[in-house]
Amino acid sequence: MIARLLAWSANFSARWNLPVPLTLQLLTEAWLWNHPDQIKVFLNHVNPAALWRLGGKKMLALVRRFARTTPALADLAAAHFPDGLKSIDDFKARMPVVDKASYIKPRRLTELCQGGRIPRAGSLYKSAGTTGQPTIWTDSVREQLAFDKSVGFIGHTLLDMVTRDYIIVNCWVMGSWLTGGNFASSARFYGNIINIGTLLNEAVETVRAIGPERPFLIAGYPPFVYSLLKKLEDGGCDFSQYRFDVVVGGEGFVEEWRDALIRRLGRDRAVFSVYGSSDKGLGEGIETHLAYGFRTLLYVASLTLVDPVQAAAAWRLRSGESAPPFTAATARAFLEALLGPDGIQRTPMVFQFDPTIYYNENLPSSPGGSGRREFASTVLLPWMTIPRVRYNIHDEGFVVTYDEARRAVEAAGVPWEKLNLRGDPYFDLHLPFLFIFGRTDGTVSIDGANIFPQDVDRCLREDPFLSDWVYGFQLFVTPFYNLGIALELRAGAPENPEHLERARQWLDERLAKYSAGYAELRRDQLPSAVLTVEKHPHATGPFANRRVKTPSVRNSPNPG
C-alpha cells in the first residue's frame, strides 16, 4: 500500500510540476531500499516520466553539492560554471564530459574525494586494468551498505531468495578487485555463500559435495560459469536433479551462450547478468525479467533476418511457443527503430537502470562517421566518496526510455506481455533501458570493415565442439593486415592441429553470416579476408597473467 502511495505521489508531482525537496526524495528512496520487496511494486505503478524528472532534479542538487565538497570538481566548476548551474540544459551545455584519462589519472586520489580525504573506514580497490595499469579507487562503508541493498533488490525481484535456501557459489575473482569482495560481503545476507573465486576444480567439488538438496546460485564471469557447468556435466551431473540459477557480470556474452545454459538447466531457471564497473560502481544496470525478454526479442529479430529456422528454434527454447513473433519485415522495422539501419546485425546486452541513482545521458556519435554511440553517467549517491559527474567509461551503448522501448515492441505487433518469458507478475518495471555493445575499442578495423568480438563469439557458440573446446578468444590484425583470431583452449583440452583447422574453416564460413564487415571483405576477395587462427593452451600466450578478465582485442603489431 505504501509503495503504491509513493508511486502515486511521484506521478502527481510530475504531472503538476510540483517541487520535490531533495530531503523528501532521499527519505522516500531510503524507505524503498529498506523494503526491497516493495521496490518492484513501486516500479510497476510509477510513471516513467516521473522517475526521469526526479532524477534530473536530484542530479542538479547533488552536482552543486559535489562542486562545493570535492576539490577536483571545484576546479571544474570554477572553470565552466562560476555562476552556478541553473538547469539541466545548462548542465549539459557547460559541464564537460570527463573520463579516466582526463579526470582520474592526472589527479591524486584525495583530490577526487569529497572533503579532500580518503574515508577513515571503507575499502581501497583496483579496476580490472584490461586497458592498461589498474587504477586505485576508494569507497566508504556507507557505499558498501548501499550495494547490500542492490543485492537485496535482486534477491526479491529476480530470485526468490526469501523462501528459497540458496547455496551461493561466488566465482568472481577475490582480492583487491571490487566485484568478488563486495558480492561476498553483501550476498551472505541472502543465502549461504562460499567464496571460491576462479578455482574451477574447487567449485566443482563444492557442488558435488553439497548435492542437489539445496538450490544453487552460481555467480561469476560467463566463460568460467560455462566451464563449471560443462565440467559438472562431463562428470555425470544430472542437471534435472539440481536447481542452478546463474548471475554473471564483468564481461559480456552472446545469446547463444545463454541458449547453451538454458538447454542444460531448463527454461524456468534464471540466467541473467548485471552491468557495472569499478569506475562507476557495481549494479548500474540489471538484466531484469523485462530486460531479458526485450533482449530475447532483439536476438530473435536479428536471427529472423539471417536464419528464420534458427530464429524459430531460439524463440521456442525461450518461450515454449512454436510460432516466432516476427516476420522478416516486422523484424527489420523493429531493429531499425531501436538500433538504426546500420545496427541491425548487432544484438546489444540490455539492462534496466534507476534514473534516480544513475543519471545517464546519450552523447553525440563519435566523429568520423563510425556511428558508435557512448553515454555519460552522473552517479546520484550523496555520500559517495568519489563523485562521478558526466563520467564516460567509453562503453559503446545508449539509453532507451521505457516509452520508446514499448512503442517499438507494440509497433512490431508484439504484445507487451510476450516479454514476460519467466512468468513474473511484477515483470513490468517502468525503468529506462541501457543497450550495451561493449567497449568502443572492442573492434578490429580492416580495409574499412569493422569486425566485432560478439560476432566471433556467436560463431563459436553455434558449434557444440568449439563451444566446449574454446575458453576465450582475442581478435588481432596480423603483420600482413589479415584478420586474426587467437583461441584460448579450455584447461585440459586437446591441442590436435585438426581441431584448429576445423575452427578456422568454421569461423571463416560462419563469420560472414553475422559480420557484415567480414562478409564484405570476402565478397570483394580482399587479402585481408584470409583468416588467421591460432590456438593457445589455457592461460598461456596472450591469455597469460590474466588479472580479472582478458581484453577481446589485442593491440595490432607493426608490419614486419
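Ala, Val, Leu, Ile, Met, Phe, Trp, Tyr, Cys and Pro count here as nonpolar, Asp, Glu, Lys and Arg as charged, and the others, Gly among them, as polar. With those classes, the lining of the largest cavity in this predicted model has 4 nonpolar, 2 polar and 2 charged residues. Two topics follow: the cavity, and an open sheet of 3 strands.

**Cavity**

- The count comes to 1 cavity of 30 Å³ or more.
- The largest cavity has a volume of about 60 Å³.
- Its nonpolar lining residues are Leu-305, Val-306, Ile-344 and Tyr-514.
- Ser-302 and Gln-345 are the polar ones, while Arg-458 and Lys-513 carry the charged class.
- Two elements, α14 (289-306) and α20 (497-514), each give two or more residues to this lining.
- The largest share, 3 residues, comes from α14.

**Sheet**

- The strand order is β16-β17-β18, and the pairing is mixed.
- β16 (470-477) and β18 (532-536) stand at the edges, each with a single partner strand, so one side of each has no neighbour in the sheet.
- From one strand to the next, the twist averages 20°.
- β16 pairs with β17 (residues 483-489) in the antiparallel sense, over 7 bridges.
- Within this pairing, Gln-474 has Ala-486 of β17 as its bridge partner.

**Helix on the sheet**

- α20 packs on the sheet and touches both β17 and β18.
- The direction of α20 makes about 135° with that of β18.
- α20 also links the two topics: this helix gives two or more residues to the cavity lining and packs on the sheet.

Technical notes:
Residues numbered from 1 in each chain as written. Predicted model: local features only at pLDDT ≥ 70, side-chain atom pairs only at ≥ 80, totals over all residues. Heavy atoms only, no water. 1 Å grid on protein atoms, 1.4 Å probe; cavity = no way out; pocket = protein on both sides within 12 Å on 5 of 7 lines; lining within 4 Å. Points joined across faces, edges and corners; volume = space filled by probe spheres on them. Helix = DSSP H or I, 4+ residues; strand = E, 2+ residues; numbered from the N terminus. Pairing = 2+ DSSP bridges. Axes fitted to C-alpha atoms, helices over the stretch in contact; angles between N-to-C directions. Contact = heavy atoms within 4.5 Å.
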